[in-house]
Amino acid sequence: AATRTPPATPPRSAEASPKDVSPKKRAPVDGALDLRNLPDADNDDVVEALLPTGDATATLRGSSVSSVPAPLLAARLVQLDVSDCPNLRGRFAEAVSTARSLKVLKASNVGGGLEALPTTWAGLSLTALDFSRNRLHRWPAAVLLEAATGSATRLAAALEDLDLSSNRLVDAPASAAVLCSLRRLDLRDNCLRTIDDAVFQLGNLERLSLAANPELVDLSPAVAAFVDAPGRSLDLRDNAQLRTPPPDVVAAGNTAAFFRTMRAADAALDRQRRRAYLARRDEALLRKLATLEARAAARSRRVPGAAPRTRPATPPDAADPPDARRVAKLVLTLEAQAAA
């Protein structure tokens, strides 16, 4: 019997675009989209055809796109990488703020280096933000603090991982305290000069990098409580001018012991200073008390009708302690003189 040959499937037209194919048949429920080498990454129709029906992650890292495709931001996008995209500037930041499902954003070296963290990102619920290798020179308080109330923005409350390394930051101020969920903070390779105690007092912070900050000279004793806590790490490498703690202490891994000892020394010095202050104060008080006693004694001898006073065998000495007995005696003498 002759074998029947099935009819040939007609070839697909070369002009057919990805949109001609149903996304439900092509796209997985969840998927990672690599749009780096897609020639039509700026073409919304092309990108829309590639979108999965569930959660999506996407990378445009190093591509020449001038904007993030709108269908991508409208999808259930949970992670986006736009690092090293030289043509992303200005309006792209506002477009990203519309991706409300976004949890992880990598925006390292965007548009040749952004000078500020876009304030429109304050409403995002990111758990991880990489803003390294930009030109940030001020702590991004505007995107972390509500202008009207000073409370944490949605972004500040949600962040668990914040990478601000390789920028131009000069300080980490007290406003960092709003980062209540933060577990990892990378501030290496900046121009930091001061680190507020609030950074070391972040309750959930586990990893802190302050490495390679050539302007950093001293850290406060508040570091001791941070490094003493279990499961926490502090990177202080490559800080040539650091005096507290000294570089050799850091290299030997004795940072925690150094700050514990320094804290105890500070407490001892405080007690010594307190004693010295009290001694100086008591000396001045004794001189004033002796002067008042001498004047009261002289006045008593001049007041008519005053009861004769017996000169003490030993006059009051400024070295005697200013106890309650001497003060009470002086008060009674002054009251008697006032009544005479």
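Select Arg237 to begin: at 53% relative accessibility, Arg237 counts as exposed, where exposed means over 50% relative accessible area, buried under 20%, and partly exposed in between (1.4 Å probe, protein chains only). This is a predicted model, in which local features need pLDDT of at least 70 and side-chain atom pairs count only at pLDDT 80 or more, while totals for chains, interfaces and linings use all residues. Residues are numbered from 1 along each chain as its sequence is written, and side-chain values use heavy atoms, with hydrogens and water left out.

Add Asp235 to the selection, and the side chains of Asp235 and Arg237 are seen to meet in a salt bridge at 2.8 Å, N to O; a salt bridge here is a side-chain nitrogen of Lys or Arg within 4 Å of a carboxyl oxygen of Asp or Glu. Asp235, at 19% relative accessibility, counts as buried. Side chains of opposite charge can pair when their charged atoms come close.

Next, select Arg243 and Asp218, which form a salt bridge whose closest N and O atoms are 2.7 Å apart. This pair links distant parts of the chain, with Arg243 in the loop between strand 11 and helix 9, Asp218 in the loop between strand 10 (207–209) and helix 8, and the two positions 25 residues apart. Helices (H or I, at least four residues) and strands (E, at least two) are DSSP runs, numbered from the N terminus. Arg243 counts as exposed at 55% relative accessibility, whereas Asp218 counts as partly exposed at 34%.

Stay in the loop that holds Arg243 and move to Pro245, which lies between strand 11 (233–235) and helix 9 (247–251). The peptide bond that joins Thr244 and Pro245 is cis, with omega about 0°.

Now go to Arg76 and Asp55, whose side chains meet in a salt bridge of 3.2 Å, N to O. Arg76 lies in the loop between helix 3 (70–74) and strand 3 (77–81) and Asp55 in the loop between helix 2 (44–50) and strand 2 (56–59), so the pair ties together parts that are 21 residues apart in sequence. Both ends count as partly exposed, Arg76 at 47% relative accessibility and Asp55 at 32%. By the rule given above, the count comes to 12 salt bridges.

A further selection is Arg61, Asp81, Asp84 and Arg133, which are linked in a network of salt bridges. Of these, Arg133 lies in the loop between strand 5 and helix 5 (141–144) and has phi near 55°, a positive value in a residue other than glycine. Arg133 counts as partly exposed, at 37% relative accessibility.

Ser166 also has phi near 55°, again a positive value in a residue other than glycine. To find Ser166, look in the loop between strand 6 (161–163) and strand 7 (171–172), where Ser166 counts as partly exposed at 22% relative accessibility.

Turn now to the interior. The largest nonpolar core, a set of buried Ala, Val, Leu, Ile, Met, Phe, Trp, Tyr and Cys residues joined through side-chain atoms within 4.5 Å, has 71 residues, and those with the most contacts inside it are Leu80, Val82, Trp121 and Leu210. Helix 8 (residues 223–228) gives the most to this core, with 4 residues. In soluble globular proteins, nonpolar side chains tend to be buried together.

Select Leu80 and show its neighbours: not counting residues up to four places away in sequence, Leu80 touches Ala58, Val68, Leu72, Leu73, Val96, Leu102, Val104, Leu105 and Lys106, a contact being heavy atoms within 4.5 Å.

Then select Val110, found in the loop between strand 4 (104–106) and strand 5 (128–130). Although it sits in a loop, Val110 counts as buried at 0% relative accessibility. With residues up to four places away in sequence left out, Val110 touches Val82, Cys85, Leu88, Phe92 and Asn134. Val110 and Ser132 are 22 residues apart in sequence and 9.3 Å apart in space, C-alpha to C-alpha.

For the last close view, select strand 1 (residues 31–34), along which the side chains alternate: Gly31 and Leu33 point to one face and are buried, while Ala32 and Asp34 point to the other and are not. Strand 1 and strand 2 pair in the parallel sense over 4 bridges, where pairing requires that DSSP finds at least two bridges between the strands. The bridge partner of Gly31 in strand 2 is Ala56.

Finally, show the whole protein, which has 11 helices and 11 strands. Of its 340 residues, 38% count as buried.
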